[in-house]
There are 4 protein chains.
Amino acid sequence: MSKKIPVGILGATGAVGQNYIYLLQNHPWFEVTYVAASPRSAGKAYRDVVQTRWLLGANIPEAVADLVIEDANNPDTAIGKCRFVFSAIELESKDAIRDLENAYAERGIPVVSNASAHRWTDNVPVIIPEINPEHIAVIDAQKKAHGWDTGFVAVKPNCSVQSYVAPLWALMKAGYEIKRMIVTTMQAVSGAGYPGVPSLDMIDNVVPFIGGEEEKSEQEPLKIFGSVVDGKIVNADGPIVAAHCNRVAVINGHTACVSLEFGEKKPSLEEIERIWTEFRGLPQELDLPFAPRQPIIVRHEQNRPQPRRDRDEDKGMAVSVGRLRKCPVFDIRFVGLSHNTVRGAAGGGILNAELLKSKGYIS
Amino acid sequence: MSKKIPVGILGATGAVGQNYIYLLQNHPWFEVTYVAASPRSAGKAYRDVVQTRWLLGANIPEAVADLVIEDANNPDTAIGKCRFVFSAIELESKDAIRDLENAYAERGIPVVSNASAHRWTDNVPVIIPEINPEHIAVIDAQKKAHGWDTGFVAVKPNCSVQSYVAPLWALMKAGYEIKRMIVTTMQAVSGAGYPGVPSLDMIDNVVPFIGGEEEKSEQEPLKIFGSVVDGKIVNADGPIVAAHCNRVAVINGHTACVSLEFGEKKPSLEEIERIWTEFRGLPQELDLPFAPRQPIIVRHEQNRPQPRRDRDEDKGMAVSVGRLRKCPVFDIRFVGLSHNTVRGAAGGGILNAELLKSKGYIS
Amino acid sequence: MSKKIPVGILGATGAVGQNYIYLLQNHPWFEVTYVAASPRSAGKAYRDVVQTRWLLGANIPEAVADLVIEDANNPDTAIGKCRFVFSAIELESKDAIRDLENAYAERGIPVVSNASAHRWTDNVPVIIPEINPEHIAVIDAQKKAHGWDTGFVAVKPNCSVQSYVAPLWALMKAGYEIKRMIVTTMQAVSGAGYPGVPSLDMIDNVVPFIGGEEEKSEQEPLKIFGSVVDGKIVNADGPIVAAHCNRVAVINGHTACVSLEFGEKKPSLEEIERIWTEFRGLPQELDLPFAPRQPIIVRHEQNRPQPRRDRDEDKGMAVSVGRLRKCPVFDIRFVGLSHNTVRGAAGGGILNAELLKSKGYIS
Amino acid sequence: MSKKIPVGILGATGAVGQNYIYLLQNHPWFEVTYVAASPRSAGKAYRDVVQTRWLLGANIPEAVADLVIEDANNPDTAIGKCRFVFSAIELESKDAIRDLENAYAERGIPVVSNASAHRWTDNVPVIIPEINPEHIAVIDAQKKAHGWDTGFVAVKPNCSVQSYVAPLWALMKAGYEIKRMIVTTMQAVSGAGYPGVPSLDMIDNVVPFIGGEEEKSEQEPLKIFGSVVDGKIVNADGPIVAAHCNRVAVINGHTACVSLEFGEKKPSLEEIERIWTEFRGLPQELDLPFAPRQPIIVRHEQNRPQPRRDRDEDKGMAVSVGRLRKCPVFDIRFVGLSHNTVRGAAGGGILNAELLKSKGYIS
């Protein structure tokens, strides 16, 4: 009999939910045993609801295909079926999502969330395990504030920031202040879920707008780079980020063109490349199953990284950077790329859960 | 009998050459009477060489289809056949293009060029008629330096700059200095000609590099914004531009995401919009055939401009801007869009020729 | 004051409705004066509802943008506002559409429909004006059966058949029986409306299925080729058609690969080409405004017709055929192409209305 | 030290050559030790020539990246470096390819070819190991005719046939004659190599023609289904095939819409599905490394198979079929799909080599 930790997926029929199910096949620690979605899917076999809209290769993983979908609005259905949940739920409002995620936590079920609802709750950590694993310390204060025992909520940031925050952080960690940065993203359609972006908007076209995405891209790094003070995350002061977010005709992989300005101390291009190549974080130290061996891969070809060629590096968990060069306006510029549904969504959520397990928050 | 000015096309079989032929159909002033290309096409009917690679709708314009292609390397073939030429020639080196364009000019045939070879020749004007029509004054010095009588060379800038230089200029003309700017372009595949970008590089992909394009995007505005001093163009000091140029899966239309910083004096968003909307230049004053009625169109939808929806505005000669908003790093940011093969290539060349004719340089 | 016939659009906010509005700009006979859609849009300005989802170039035609949308479910709103309507309505069931179209007709308002609901009503003609204009004779019986005075319903066939029925008919009219035919279509995403096909299904993909499309492609030609008997259309016996319908990453233009078998009498390839090239119908005779001068254009390039190059021939109303050659299984094979939202939808509807006006059914 | 059989790749820098190198990573029997290409690449490291045009994920396999490219026109360079070669060579003529492949064979080096040059040489087998493994018997006659000792040439068929020949064969093997068939293919751009199809031809477009492809699609099945008689392959009499071949905007995966007519004996749809699902061949019996466990996968979703979802089934070696249904013109119709660069090119070649090794022709 399996010794794996049983895990649930909230929003299991959507695009991100499907990604969790796809990526958790053969996970050494976790096993999907509970799938929840909207009431209209509840009571049906997962296979029957998702078959004709399964997005990831030919077949739904067998072990999940026959699970009966539960009503995600009724957290009691999870009791006894799983020991924590990944939340990829979509509801009519952020308040509704917050309430629902809290309801699971209240029942003793930790929630590792992909949703943006709780990202600005000050005792909920927004985690990228290579960058701010110490933020999980606020979970204790969070539990205490709510009177929760084992349950809690931890979240991950928006997919759009993943192509540049790790490269920024590596430089900051090496002692280089980053004052300002302008980033233009070219984001894949999978980021909008399914059905998502109409093909009439994407064939022979670019859409230079994604609702709410620029605000997230500018503000979330400040919380990620923040500090734990008295059981809360206090945001960092910088860097100041200006983001231009675009949707392009790419299935997976967000590309970011970045120009940035350092503080007084400015590294050389050679030093930057060395810092990025050698950068490692706690997931690498702990050798977590979903940790990329090398979180930042530096490419030297003049026309890389490219989404189709580079997104799958190290199972989609590595960030590729290239075209590192001087910027005539700021100090340097480069192109960053990450797989938005793996590193930027389900894969990042799984790495968060692995970190939380290794620190005893999930068991 | 036609009273139109007979014109030739150098590089008539390539993508830009085809665009000239397409756009010059029914032109009120000009008529294509001479088509020149590489020696291996010379002596054949235009139709026979281009039929299976014609890019612009179903059919080659009848009046050109039966012309016999001349050898572009032999400028004598143009004598008596046309009174000026559009150059869209591609050769093994910039030196070769410069020499060839000079050879036509030497034979008394003005050259209105799309090629980059002569853009940094200081007595050759790089013209956008709405911005710097007075630069054509250097043509007199150019003629004198070479001892040419009626012949000369005038050029247009790279297609990538067209989505932002007119909006910049309108603000500069209104008295607002622009100090710095960071621009990321998402450029159409037609900019690379035919066969150009392989579909294996564009389907489900972005290529974050276009050879030579960032340098052109950064430096050419300085010449366009420069002044005529002693028969030469002296470059402007600013703005400082940093460009990130990308190729995306779009047929026509270059999109540019711009963040810019003004000097001391900073216009409000309302004033910027008014300046752009009211902006007019000499082509509008002269009512040139290819002049857009309104060179800059401001859009208010949150998700515009988009290449497929906006590129054809005013026959492809207007620049569309949208998403004008504050920039957290610089002062403002916006999205600009222009049709790269019309405003950015053949259409821009035709407008240059119209300006030159109206000023007596072509007759 | 305009002498044009005022016309309404049912389903004016959808993709086909937008196409009607786009194509009717500057129509010499008709003028859009009434736009109707679902109750939730009713009472709002057309511009406000459609602005961010307008599909056809940059701007909504000014004359329509300020019209207030009426509730399409209340046909009384049309009385006095228009003298006939184009129906592009989408409702929950075909019965509901039939009832609604009848309700307009009952109020004296002719309905020229794009919807499939009435295509199998035996006294409703399915018209392609070049093929079966005499079918409009059943309108008299239809009016009589319902007790209608000026109102009636006439429809057009599905977009998928338009790439091959005119070429078939030209051969049949020339005396060649067509016994059987196998056709594979590669259909544009605009055929599915907006939002329509998700880009996650179309980038780097083909979807080999379109709901209901194969049945329509096989059966509708039999009604089109049928005869008027006692005020009803009696279907033709053949040809027997087998259709494979696919969705491909094309914005506009349905491509059809056809293999067909003649009866005893078999034309040569040369004769077929002559028949197609010379084919003309009643719209050409009457010189109707939307009639293509040459309904069938034969191409000789080995790689044509192609959607992007050929769909716009003669304002999108001509069918292009190419690759006419022997078929090792049947007699001949060829590729047909038509613009699905022009000839196959709104343009075809307008041509129907022009025919009906010229025959006195609309005035 | 490795005990694997050293193998060479002719045309190693091209798209098919790259696929061989990609798929042979970690192959249990074979190891790439020799890479040959055109004289202008000879003498350079593989990495240096291919780096910026590597098509398969981020990185060139390390073991091959440092190999020095040899001149493929000089077969002597292979002696001692490999024990057989995969040929993916492209030369100016089929005669040149035949001569070159023979030259390798003459030097004792078996050639397992992807090229079409030798497909109609009567003592060269065109092998699909699940269908006609007994055809390798003609190799003995081939060797004898040339006086070759260990060397020989064996080839695989064109990629376009792979989406339907296995399903056809399974039915023929079960005793059902197939008389006639009409197939329309929608083929991926990777089939044209690199740079291959220009993106100006594929974005928002279909190209209804691929040079030579229809002839191959119609004729090669007859050799594959043929018999060995006196050391030569004698073609089968049927089925008669008519093919319409199209290029669509898909990276990998050829889709085929098939209508077919049986002889007197006609299986039910249920029986066909059973035959396909249970079909196994010699590669499955021998458990060859690249053999798919189930060569034909039957799908039941109404909108499948689709290239992006189904092409990678069983490492890209399985053929997926779906939409099996009655045909109103012939007996049945269905959609077939195979990965054109895996099953249809390099993967198919590797399976051929595995068969030849298991039968003692390669050692």
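These are my notebook entries on the chains, domains and interfaces of a predicted model.

**Conventions.** I number residues from 1 along each chain as its sequence is written, and I letter chains from A and number ligands from 1 in the order in which they are written. Since the model is predicted, I accept local features at pLDDT of at least 70 and side-chain atom pairs at pLDDT 80 or more, while totals for chains, interfaces and linings use all residues.

**Chain A overall.** I looked up the secondary structure and found 13 helices and 14 strands in chain A, taken as DSSP runs numbered from the N terminus (helices are H or I with at least four residues, strands are E with at least two). The C-alpha atoms of chain A fill a box of roughly 60 × 50 × 40 Å along the principal axes. The radius of gyration of chain A is 20 Å, which agrees with the value near 21 Å for a compact globule of 363 residues; I took it over C-alpha atoms, with the globule rule being 2.2 Å times the number of residues to the power 0.38. Of the 363 residues of chain A, 60% count as buried, that is, with 20 or more other C-beta atoms within 10 Å of their own, the C-beta atoms being placed from the backbone.

**Domains of chain A.** An automatic or database domain assignment gives the bounds, and it divides chain A into domain 1 (5–158 + 346–358) and domain 2 (160–339). Their C-alpha centres lie 24 Å apart. I then looked up the contacts (C-beta atoms, placed from the backbone, within 7 Å), and 33 residues of domain 1 of chain A touch 29 residues of domain 2 of chain A. On the domain 1 side, α5 (138–146) and α13 (342–358) of chain A each supply at least two residues, and the largest share, 7 residues, comes from α13(A). By class, this domain 1 side has 17 nonpolar, 10 polar and 6 charged residues, where Ala, Val, Leu, Ile, Met, Phe, Trp, Tyr, Cys and Pro count as nonpolar, Asp, Glu, Lys and Arg as charged, and the others, Gly among them, as polar.

**Chains B and C.** I superposed the copies by least squares on C-alpha atoms of residues with pLDDT of at least 70 in both. Chain C lies on chain B with an RMSD of 0.0 Å after a turn of 180° and a shift of 0.0 Å along the axis, so the two copies are related as by a two-fold rotation axis. Of the residues of chain C, C:Asp204 comes closest to that axis, its C-alpha at 3.2 Å. I found 12 residues of chain C in contact with 12 residues of chain B, and the chain C side has 2 nonpolar, 4 polar and 6 charged residues.

Notes. Contact = placed C-beta atoms within 7 Å. Buried ≥ 20, exposed ≤ 12 C-beta atoms within 10 Å, placed from the backbone.
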